[in-house]
Amino acid sequence: MPSLPLADLEAQVGDTHRTIEGFAVERGKVAEFARAIDDPDDVYLDEQAAREAGYEAIPAPPTFARTSFFPRYRPDGIDHNLGFELGFDRARVVHGQQRYEYERPLYVGDTLTGDTTLTEVYQRDGRGGGTMTFAVLRTDFTDESGSHVLSDYNTRIETGRAIEGASE
């Protein structure tokens with residue numbers, strides 16, 4: 001169980017914090033990311049291949065937006081909790097779900113800003129780890145013109161205790 005009562009978590013639902021600034025979609029980083037995920041598609045490396053595939057410019061792979069959560073893009077005062085006081089014990093937090101909803105691809109040359117909203121919190125009984133507390137966070141990314149580019153949904157789960165049978 002988190003160190004905060006569920007009611008305190010629920011009181012934060014709807015709160016939004018600026019969590020990402022200056023997230024530059026750089027050509028070298030896109031190519032590096034594509035290699036890291038073993039995606040050989042030339043659209044991530046070559047402008048002509050990208051245009052022939054119907055893109056305006058070199059796109060980033062769909063999960064590239066996750067790199068925006070690296071500390072270098074966080075505004076001062078924003079840590080791994082993204083401005084929220086969840087009271088979760090980091091030793092018992094697991095990643096639940098990740099999904100992306102794109103308005104358009106991320107393109108090399110974009111510089112994005114992200115605002116994260118706590119959209120939902122709830123609890124469920126777990127089989128091996130006691131009561132689980134879920135926090136669903138949505139980060140909305142906008143480009144330099146203020147246009148919405150994508151929403152990134154991330155679910156964090158804190159288990160109520162160490163999961164039985166898990167090795168440490």
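## Close-ups of a predicted five-strand model

**View 1. The open sheet has five strands, in the order β1-β3-β4-β5-β2, and their pairing is antiparallel.** This is a predicted model. β1 (16-24) and β2 (93-102) are the edge strands, and each has a single partner, so one side of each goes without a neighbour in the sheet. On average, neighbouring strands here are turned by 25° against each other, direction ignored.

**View 2. The whole chain gives the setting for the other panels: three helices and five strands.** Following the sequence, you pass through α-β-α-α-β-β-β-β. The C-alpha trace spans about 55 × 35 × 25 Å along its principal axes. Of the 168 residues in the chain, 40% are buried. Take the contacts with a separation of 6 or more, and 71% of them link residues 24 or more positions apart.

**View 3. Here we zoom in on β2 and its partner β5 (residues 148-158), which run antiparallel.** How many bridges join β2 to β5? Nine bridges do the job. One pair to pick out is valine 94 with its bridge partner in β5, isoleucine 157. As for sheets in general, strands pair through backbone hydrogen bonds, either parallel or antiparallel.

**View 4. The largest pocket holds about 270 Å³ of space.** Its lining counts 14 residues, and those nearest the centre of the pocket are His80, Asn81, Arg90, Val93 and Arg156. β2 and β5 are the elements that give two or more residues to this lining. β2 supplies the largest share, with three residues.

**View 5. Two residues other than glycine have a positive phi: aspartate 38 and leucine 82.** Aspartate 38 has a phi near 60° and sits in the loop between α2 (27-36) and α3 (47-52). Leucine 82 has a phi of about 55°, and its place is in the loop between α3 and β2. Which of the two labels fits aspartate 38, buried or exposed? With a relative accessible area of 66%, aspartate 38 is exposed. Leucine 82, on the other hand, counts as buried because its relative accessibility is 5%, and the cut-off for buried is under 20%.

**View 6. Serine 68 is tucked into the loop between α3 and β2.** Its relative accessible area is 0%, so serine 68 is buried. A polar atom of the serine 68 side chain lies 2.6 Å from the backbone oxygen of alanine 65. What does serine 68 touch once neighbours within four places in sequence are left aside? The contacts are Ile20, Phe23, Tyr73 and Phe141.

**View 7. Proline 71 is another resident of the loop between α3 and β2.** Proline 71 counts as exposed because its relative accessibility is 58%, while the cut-off for exposed is over 50%. Look across to threonine 19: 52 residues separate it from proline 71 in sequence, and the two are 9.8 Å apart in space, C-alpha to C-alpha. Compare the previous panel: serine 68 lies in the loop between α3 and β2 but is buried, at 0% relative accessible area, whereas proline 71 is exposed.

Notes
Residues numbered from 1 in each chain as written. Predicted model: local features only at pLDDT ≥ 70, side-chain atom pairs only at ≥ 80, totals over all residues. Heavy atoms only, no water. Pairing = 2+ DSSP bridges. Helix = DSSP H or I, 4+ residues; strand = E, 2+ residues; numbered from the N terminus. Axes fitted to C-alpha atoms, helices over the stretch in contact; angles between N-to-C directions. Buried < 20%, exposed > 50% of the residue type's maximum accessible area, 1.4 Å probe, protein only. Polar contact = N/O pair within 3.5 Å; in protein donor to acceptor, adjacent residues only side chain to side chain. Contact = heavy atoms within 4.5 Å. 1 Å grid on protein atoms, 1.4 Å probe; cavity = no way out; pocket = protein on both sides within 12 Å on 5 of 7 lines; lining within 4 Å. Points joined across faces, edges and corners; volume = space filled by probe spheres on them.
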